[in-house]
Amino acid sequence: MLVEEFGRNLLALILYPVRRDRKTVDAEYNDGRWQGILSGKRWLGCKTLSDFVIPPGDKWRIAKVGNKCYRTSDQEYYRYRTAVLQDVVGKLTPACTELVELGGGYGANLFALALGEKKWNRLIGLDISKNAIQAGREIASHFGLTQQISFDTLDIIKGSDLTFRHLRGRAVLTYYCLEQLKHDTRIVIENILKAGPSRVIHIEPTFELLHLSSLKDVVTYLYIVRKDYQDNLLSTLKEYERKGKVKVLMVERLYYAPTVRNDPTLICWEPCL
Ligand SMILES: C[S@@+](CC[C@H](N)C(=O)[O-])C[C@H]1O[C@@H](n2cnc3c(N)ncnc32)[C@H](O)[C@@H]1O
């Protein structure tokens, strides 16, 4: 399975090189995945928020959990993913009741957080994709959560955008969003810093921590290169730490993914005042 994945990625890297620019991201998300989510309106068939976040059924996948690849049901995988997200974000934000997700898509993570501890008074999802924002608003309305969960459009590369005001004094999460912005890591970190969040949590793959002695990591390495995904988040944050601009509080690989590759690392930092 891993060897097959390796071969597929190598071939794609040679035959279809990708440049991850705005056009590529729009085609994959706004006009692709989020358009499909918005037109599919899966939430209309869900009686509870739990059914939406952790879809019942026996559809299965090969996923990575604890750095091992398993055949598991979607339901089991999304139950696990939801529990990890609630646990790590909860532990890293003990005094917070409000959180902003940058590049939050239609709010899959915010709806998962709302399912957990009742600590969140306000969850705000910001994304460049209009289709994702529209879907997020419809989902929040369907489950009667518009007071708690709201959405707005924001291009996180545009530091002048007033929507950045939502970050001031709040905890900020990114989950596979900076993955899309390898060419703009510094700009994004600067924009987040300028906006004055209390604490920032990234759940993002980190190229810098891959071990090339492990076939699993080699497969992820090749996948990241072929998709032109993020490869400098951790080194950029370390550079900001050396300059005294941020304090990195935690770096820990989480070793789970909905496929056999591209598992994330948990990085938590605070701005230095
Ligand atoms: C892999 S998806 C992750 C979505 C969400 N965090 C999740 O876990 O379901 C990446 C998201 O980043 C968003 N994105 C990409 N570039 C962005 C930008 N410049 N500003 C804001 N969002 C952006 C995309 O529209 C997409 O929703």
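A residue counts as partly exposed when the number of other C-beta atoms within 10 Å of its own falls between the limits for exposed (12 or fewer) and buried (20 or more). Asn-67, with 14 such atoms, is therefore partly exposed. This is a predicted model, and Asn-67 makes a handy way into it. The residue sits in the loop between strand E1 (60–65) and strand E2 (68–73). Its backbone is a bit of an oddity: Asn-67 has a positive phi of about 65° although it is not a glycine.

Lys-41 does something along those lines, with a positive phi of about 45° and, again, no glycine at that position. The loop that holds Lys-41 runs between helix H2 (22–40) and helix H3 (49–53). Lys-41 has 12 C-beta neighbours inside 10 Å, so it counts as exposed.

Now for the inside of the model. The largest nonpolar core has 57 residues, and the members that touch the most others are Phe-111, Leu-113, Leu-123 and Val-172. Helix H5 (residues 108–115) supplies the largest share of this core, namely six residues. Apart from that core there is another one, made of eight residues, including Phe-207, Val-219, Tyr-223 and Ile-224. Back in the largest core, what does Leu-123 touch, once residues up to four places away in sequence are set aside? The list runs to Leu-99, Leu-110, Leu-113, Ala-114, Gln-148 and Ile-149.

Helix packing comes next. Two packed helices are described by the angle between their axes and the distance between the axes. Helix H5 turns up again here, as a partner of helix H4 (residues 74–92): the two axes come within 9 Å and cross at roughly 75°. Angles of 65 to 115 degrees count as roughly perpendicular, so H4 and H5 are roughly perpendicular to each other. On the H4 side the contact is made by Thr-82, Leu-85, Gln-86 and Val-89, and on the H5 side by Asn-109, Ala-112, Leu-113 and Leu-115. Sorted by class, the residues of this H4 and H5 contact come out as five nonpolar, three polar and no charged. Leu-113, one of the H5 residues in that contact, is also among the residues that touch the most other members of the largest core.

Helix H1 (residues 2–15) and helix H8 (residues 215–227) also pair up, with axes that come within 9 Å and cross at roughly 20°. Angles under 35 degrees count as roughly parallel, which means that H1 is roughly parallel to H8. The crossing of H1 past H8 is left-handed. From H1 the contact draws on Leu-2, Glu-5, Phe-6, Asn-9, Leu-10, Ala-12 and Leu-13; from H8 it takes Leu-215, Lys-216, Val-218, Val-219, Leu-222, Tyr-223, Val-225 and Arg-226. In terms of class, the H1 and H8 contact holds eleven nonpolar residues, one polar and three charged. Val-219 and Tyr-223, which meet H1 from the H8 side, also belong to the core of eight residues.

A further pair is made up of helix H7 (residues 185–195) and helix H9 (residues 233–242), which pack at an angle of about 50° with their axes 10 Å apart. That angle makes H7 oblique to H9. H7 passes H9 in a right-handed crossing. Here Thr-185, Arg-186 and Ile-189 of H7 meet Leu-233, Thr-236 and Tyr-240 of H9. The class tally for the H7 and H9 contact is three nonpolar, two polar and one charged.

Some loop residues also sit beside distant parts of the chain. Tyr-176 lies in the loop between strand E6 (171–175) and H7, and is partly exposed, with 18 other C-beta atoms within 10 Å. Gly-104 is 72 residues away from Tyr-176 in sequence, yet their C-alpha atoms are 8.8 Å apart. Beyond the neighbours within four places in sequence, Tyr-176 is in contact with Glu-204 and Pro-264.

Cys-96 belongs to the loop between H4 and strand E3 (98–102). With 18 C-beta neighbours inside 10 Å, Cys-96 is partly exposed. Its C-alpha atom is 9.6 Å from that of Gly-169, which is 73 residues away along the chain. Cys-96 also touches Ala-171 and Ser-198, leaving out residues up to four places away in sequence.

Terms used: Residues are numbered from 1 along each chain as its sequence is written. This is a predicted model: local features need pLDDT of at least 70, side-chain atom pairs count only at pLDDT 80 or more; totals for chains, interfaces and linings use all residues. A nonpolar core is a set of buried Ala, Val, Leu, Ile, Met, Phe, Trp, Tyr and Cys residues joined through C-beta atoms within 7 Å. Helices (H or I, at least four residues) and strands (E, at least two) are DSSP runs, numbered from the N terminus. Two residues are in contact if their C-beta atoms, placed from the backbone, lie within 7 Å. Axes are lines fitted to C-alpha atoms, for helices over the stretch in contact, and angles run from 0 to 180 degrees between N-to-C directions. Angles under 35 degrees count as roughly parallel, over 145 as roughly antiparallel, 65 to 115 as roughly perpendicular and the rest as oblique. A crossing is left-handed if the near helix is turned anticlockwise from the far one by less than a right angle, and right-handed if clockwise. Ala, Val, Leu, Ile, Met, Phe, Trp, Tyr, Cys and Pro count as nonpolar, Asp, Glu, Lys and Arg as charged, and the others, Gly among them, as polar.
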